[in-house]
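Me: Take me on a close look at one part of this model, please. I'd like the strand pairing in detail, and then whatever packs or binds next to it.

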Amino acid sequence: MTPLLEVEDLRVAYGKIEAVKGISFTVPAGQVVTLIGTNGAGKTTTLRTLSGLLTPRTGKITFDGHPLNGVPAHKIVERGLAHSPEGRRLFPRLTIAENLQLGAFLRKDTAGITRDIQRVYDLFPILGERRRQPSGTLSGGEQQMLAMGRALMSRPKLLMLDEPSMGLSPIMMQKIMDTIRELRTQGTTILLVEQNAQAALSLADEGHVMETGRIVLSGTGAHLLHDASVRKAYLGED
Ligand code: ATP
């Protein structure tokens with residue numbers, strides 16, 4: 001089966017600094033694929049390029065059977081690729097409900113939007129309870145839930161999550177990881193960028209380890225979780 005997303009020899013640079021140096025990977029439909037690696041490895045740059053926010057130097061991106069190169073960011077959302085960015089980027093003065101509405105800005109099916117907002121509240125009941133509060137009053141973990149919920153409001157075929165566990169307590173992180181599992185069970189395809197390798201590999205079907213702009217190791221989540229070099233470099237073992 002052709003994968004939902006196919007990335008071939010992608011190179012991305014900021015001026016003279018090449019941040020992504022020719023990476024290739026696929027995301028099969030229905031799976032969770034993770035990119036792990038330390039700060040500066042090029043993970044965020046990769047997601048921002050897939051979203052159309054950065055232009056690659058070279059490389060081919062194919063999504064759902066069509067090339068994405070040169071397609072503007074809003075059209076990429078329309079085609080079914082949603083991005084929950086690092087640092088969440090919510091509108092703090094708008095309410096939770098308003099932030100969710102904004103995630104559906106390209107849709108016109110009012111009944112469907114209402115149903116999907118309810119689906120987000122079912123996934124994260126705390127958001128439903130606080131729906132009329134400004135999102136700036138939420139805790140870090142709750143804001144992460146809202147960022148994920150907002151990305152889901154575009155009904156994506158592929159959900160890209162950038163560091164959803166960043167800055168969260170272990171309990172909140174567990175909740176976010178459980179939700180990613182739940183979304184996968186519901187059929188959502190996910191590309192997950194994480195610094196928390198343990199959490200990401202525990203739930204991913206496939207993983208790729210990035211180091212200074214390159215993929216240096218790939219395998220199933222379980223395989224990488226037990227790989228001695230991954231355990232040493234990313235899980236703090238001797
Ligand atoms: P992090 O977890 O810190 O976001 P990352 O793996 O996502 O790390 P990137 O943010 O993609 O890594 O950064 C890759 C490289 O590109 C780094 O060397 C970084 O310093 C550089 N870089 C990122 N953004 C810019 C920018 N706007 N201008 C110049 N260089 C940048």
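Reply: Let's start with one pair: V7 sits opposite I61, a residue of strand 4. Bear in mind that this is a predicted model. The V7 and I61 pair belongs to the contact between strand 1 (residues 5–14) and strand 4 (residues 58–63), where five bridges hold the strands together in an antiparallel arrangement. Zoom out a bit and you find both strands in an open, four-stranded sheet with antiparallel pairing, ordered 2-1-4-5. At its edges are strand 2 (17–27) and strand 5 (66–67), each of them paired on one side only.

Now look at what crosses this sheet. Helix 1, covering residues 43–50, lies across strand 1, strand 2 and strand 4, and its direction is about 115° from that of strand 1.

Helix 1 also takes us to the ligand, since it supplies three residues of the surrounding shell, the largest share. There are 13 residues around the ligand, and those that come nearest are N39, G40, K43, T44 and T45. Sorted by class, the shell holds seven polar residues, three charged ones and three nonpolar ones. As for individual polar contacts, T44 places a backbone N or O atom 2.6 Å from a ligand oxygen, and A41 has a backbone N or O atom 2.9 Å from an oxygen of the ligand. A side chain joins in too: an N or O atom of the E163 side chain is 3.2 Å from a ligand oxygen. On its own the ligand would expose 630 Å², and the protein buries 62% of that.

There's another sheet to see. This one is open as well, with six strands in the order 6-7-8-3-9-10 and mixed pairing. Strand 6 (81–84) and strand 10 (214–220) are at the edges; each has a single partner strand, so one side of each has no neighbour in the sheet. On average, neighbouring strands here are turned by 15° against each other, ignoring direction.

Within that order, strand 3 (residues 32–36) pairs with strand 9 (residues 206–211) in the parallel sense, over four bridges. One bridge to pick out is I36 with V209 of strand 9. Packed on the sheet is helix 7 (residues 170–185), touching strand 3, strand 7 (158–162) and strand 8 (189–194), with its direction at about 155° to that of strand 8.

V209 is worth a second look, as it also stands opposite L217 in strand 10. Strand 9 and strand 10 run antiparallel and are joined by six bridges. These two strands make a hairpin with two residues between them, and in that turn T212 has a positive phi of about 35°.

So, if you trace it on screen, go from V7 and I61 to helix 1 lying across its strands, then on to the ligand shell, and finish at V209 and L217.

Terms used: Residues are numbered from 1 along each chain as its sequence is written. This is a predicted model: local features need pLDDT of at least 70, side-chain atom pairs count only at pLDDT 80 or more; totals for chains, interfaces and linings use all residues. Side-chain values use heavy atoms; hydrogens and water are left out. Two strands pair if DSSP finds at least two bridges between them. Contact means heavy atoms within 4.5 Å. Axes are lines fitted to C-alpha atoms, for helices over the stretch in contact, and angles run from 0 to 180 degrees between N-to-C directions. A residue is near a molecule or strand if one of its heavy atoms lies within 4 Å of it. A polar contact is a pair of N or O atoms within 3.5 Å; within protein, one must be able to donate a hydrogen and the other to accept it, and residues adjacent in sequence count only if both atoms are side-chain atoms. Accessible areas come from the Shrake-Rupley method with a 1.4 Å probe; for residues, only the protein chains shown count as cover. Ala, Val, Leu, Ile, Met, Phe, Trp, Tyr, Cys and Pro count as nonpolar, Asp, Glu, Lys and Arg as charged, and the others, Gly among them, as polar.
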